[in-house]
Amino acid sequence: MTDAVGLKAYECDGLTAFRMRPALVVLAESTQDVATAVRICGRYGVSFVPRGAGTGLSGGALPGPDSVVISTARMRKVLAIDADNRRMTVQPGMANIAVSAAAEPYGLYFAPDPSSQIVCSVGGNVAENSGGAHCLKYGFTTNHVYAVTVVTPSGEVVRLGGNSADPIGPDLLGVFIGSEGTLGTVTEIVVRLLVRPIAVRTLVADFATAEQAADAVSGLVSHGVIPAAVEMLDQLAISAVETATHAGYSRDAGAALVIEVDGFAAAVGEEFEIAERLCRDNHATGIRIAQTSRERDLIWKGRKSAFAAMGRISPAYLVQDGVIPRTRLAEVLTRIDELASSAALRVANVFHAGDGNLHPLVLFDSDDPEETERAEGLSTDIAELCVAFGGSLSGEHGIGADKACSMPTMFSADDLDTMKRVRVAFDPYGLANPDKIFPTPRLCGEKSGKYRPHPLETSGLIGRG
Ligand SMILES: Cc1cc2nc3c(=O)[nH]c(=O)nc-3n(C[C@H](O)[C@H](O)[C@H](O)COP(=O)(O)OP(=O)(O)OC[C@H]3O[C@@H](n4cnc5c(N)ncnc54)[C@H](O)[C@@H]3O)c2cc1C
C-alpha cells in the first residue's frame with residue numbers, strides 16, 4: 001500500500017502522540033510474503049517495522065520516516081489444533097480473543113487477556129510479552145507459548161522453541177518474546193491452552209481511599225491467596241467507567257477492587273471467603289458479589305473498557321505502564337497524586353494491582369501544546385518513579401519509542417550494551433524496528449512527528465547540515 005490516505009492509518013499505534021507516515025505498508029498474507037518483504041528491505045538497506053493490530057501503547061509500531069511497515073494483521077488463520085496436548089498453532093494476526101473462541105469447543109482457552117483482547121493480535125502479544133487481568137495467577141504471554149516461526153531480519157525463516165515447555169539449548173524463544181519486533185517478525189505461534197476453570201467467583205469491593213484498597217491487596221498476597229485477578233480503579237476511573245458503561249461500580253467510592261477467584265469449587269469457596277474478610281478488615285465500605293455470569297461479564301466490561309472510557313472525561317490521555325513492589329502501592333499512589341498536582345494535571349488510575357502493575361492515565365488537552373508537553377513530562381516522571389521505588393519501567397506494554405530515554409534509569413551502560421549485542425546478533429544491519437527500546441542521543445533530544453528543533457540546535461551548538 002502506498003496511497004497517502006491508506007498510509008495514514010499506519011502513522012501511529014495506540015500512543016497517538018507520536019506519529020510518522022511510513023514509506024509504504026506491506027499487507028502480508030503468509031510467512032513467504034513477510035520473508036520476501038524483509039529480504040527486499042535488506043537488499044536496499046531500508047528499515048522495517050512489524051505491526052499487528054496497532055493497539056500498542058508505547059509506540060512500538062511507530063514507523064521511521066522512510067521505513068516499511070510489515071503488517072501481519074491479515075494473517076488470521078488457525079493452522080492446527082491439538083486439543084489432547086492443549087496446543088494450537090495460529091497465525092500472528094489472530095485477535096487474542098479469537099484464540100480462546102477457537103479453543104472453546106474443546107473446553108480450553110488462551111490465558112493472557114489484555115484489556116484490548118477483542119482487537120490486539122497474538123503476534124503483538126508475543127512481541128510485547130503482553131499480560132492482562134488474569135496474569136497474576138496464570139503468568140504472561142511467555143508462559144503460554146511453546147514455539148514461534150520467525151522471519152529473521154536477514155529474511156531467513158527459523159523456528160524457535162519446540163513442542164515441549166523446556167526444549168534443549170539456549171532459550172532463544174525466551175529472548176524473542178518481548179523483543180518488540182526488534183529481533184524479527186513472528187509468522188506462526190504454537191500457543192499453550194488451559195482447561196477452563198470449573199468455578200469462578202467475582203466481587204467488587206468499595207473503599208473510601210485508594211490507600212485502603214492497596215492495603216487490602218497487600219493483605220491478600222501476604223495471606224498466600226493468589227486470586228485469578230485483583231484489579232483496582234480509583235475514583236476518577238470509576239467515574240469514567242460508570243459514565244461510559246453503567247457497569248454498576250459505586251460512584252461515591254474512593255477506589256474499587258475487582259477480585260476474581262477461580263479453580264476447583266471447594267478451594268474457590270475458601271479463598272473467596274478470605275478475600276471478602278480481608279476487604280472488610282481493610283475498611284471496605286461495601287462488597288458486591290456477582291450472582292450470575294451476566295453480572296460478572298458486566299463487571300469485566302466496565303474494567304476492560306476503562307481506557308476507552310477516559311474519552312468521556314478528557315479530550316486526550318497518555319497511558320503509562322510501570323511496575324512497583326505491591327507492598328508500596330499506597331505510597332506510590334500518594335506520590336503520583338503529588339506529581340499530578342504539581343503538574344496541574346489529573347491522573348486516573350486503573351490497574352492490575354495484584355501484580356503491582358500500574359496504569360496511570362495522564363489526562364490532558366491535546367490541542368494545547370504546552371499542556372501536552374507537561375503531560376508527556378508527567379508520564380515519564382511516573383515511569384521513573386516506579387524505578388525509584390524498586391520497580392520497573394514496563395509491566396506489559398513494552399518500552400517502544402516512549403520509554404527508550406528512561407532506560408538508563410533502570411539499566412547500567414554495561415547492561416544496555418549487552419542487550420544491544422543480542423540485538424546485533426539477530427539484526428547486524430539494524431533494520432528491524434530501529435530506534436526502539438534503546439536510548440539514542442538523537443531520540444532523547446527530539447520527538448518524532450512535526451519537526452521541533454533540538455535544544456542543542458536552538459542554542460547554536462549544532463546545525464542540521
Ligand atoms: C484499550 C487498551 C487496553 C490495553 N490493555 C492491555 C493489557 O491489559 N495488557 C497488555 O499487556 N497490553 C494492553 N494493551 C496494549 C496492547 O494491546 C498490547 O501491547 C498488544 O499486545 C499489542 O498487540 P498489537 O497486535 O496491537 O501490536 P502492535 O501495536 O501492532 O505492535 C506492538 C509491538 O509488537 C510488534 N509486533 C506486532 N506484530 C508483530 C509480529 N507479527 N512480529 C513481530 N513483532 C510484532 C510491533 O513492532 C510493536 O513493537 C492495551 C491497549 C489498549 C489500546
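How do the axes of helix 12 and helix 13 cross, and within what distance do they come? The legends below take you through this predicted model, starting with that pair.

**View 1. Helix 12 and helix 13 cross each other.** Helix 12 spans residues 329–342 and helix 13 spans residues 369–388. Their axes come within 11 Å and cross at roughly 155 degrees. Angles over 145 degrees count as roughly antiparallel, and therefore helix 12 and helix 13 are roughly antiparallel to each other. The crossing is right-handed.

**View 2. Side by side: the residues where helix 12 meets helix 13.** Look in helix 12 for Val332, Arg335, Ile336, Leu339 and Ala340. Their partners in helix 13 are Leu378, Asp381, Ile382 and Leu385. Sorted by class, this contact has seven nonpolar residues, two charged ones and no polar ones.

**View 3. An open sheet of five strands.** Follow the strands across the sheet in the order 4-5-9-7-8, and you will find that the pairing is antiparallel. At the edges lie strand 4 (78–82) and strand 8 (157–161), each of which pairs on one side only. From one strand to the next, the twist averages 15 degrees.

**View 4. Strand 7 beside strand 9.** Here strand 7 (residues 145–151) and strand 9 (residues 185–192) run antiparallel, joined by six bridges. To get your bearings, find threonine 149, which stands opposite glutamate 188 in strand 9.

**View 5. Helix 3 packs on the sheet.** Helix 3 (residues 96–103) touches strand 4, strand 5 (87–90) and strand 9. The direction of helix 3 makes about 135 degrees with that of strand 5.

Technical notes:
Residues numbered from 1 in each chain as written. Predicted model: local features only at pLDDT ≥ 70, side-chain atom pairs only at ≥ 80, totals over all residues. Heavy atoms only, no water. Pairing = 2+ DSSP bridges. Helix = DSSP H or I, 4+ residues; strand = E, 2+ residues; numbered from the N terminus. Axes fitted to C-alpha atoms, helices over the stretch in contact; angles between N-to-C directions. Contact = heavy atoms within 4.5 Å. Parallel < 35°, antiparallel > 145°, perpendicular 65-115°, else oblique. Left-handed = near helix turned anticlockwise from the far one by under 90°. Nonpolar A, V, L, I, M, F, W, Y, C, P; charged D, E, K, R; others polar.
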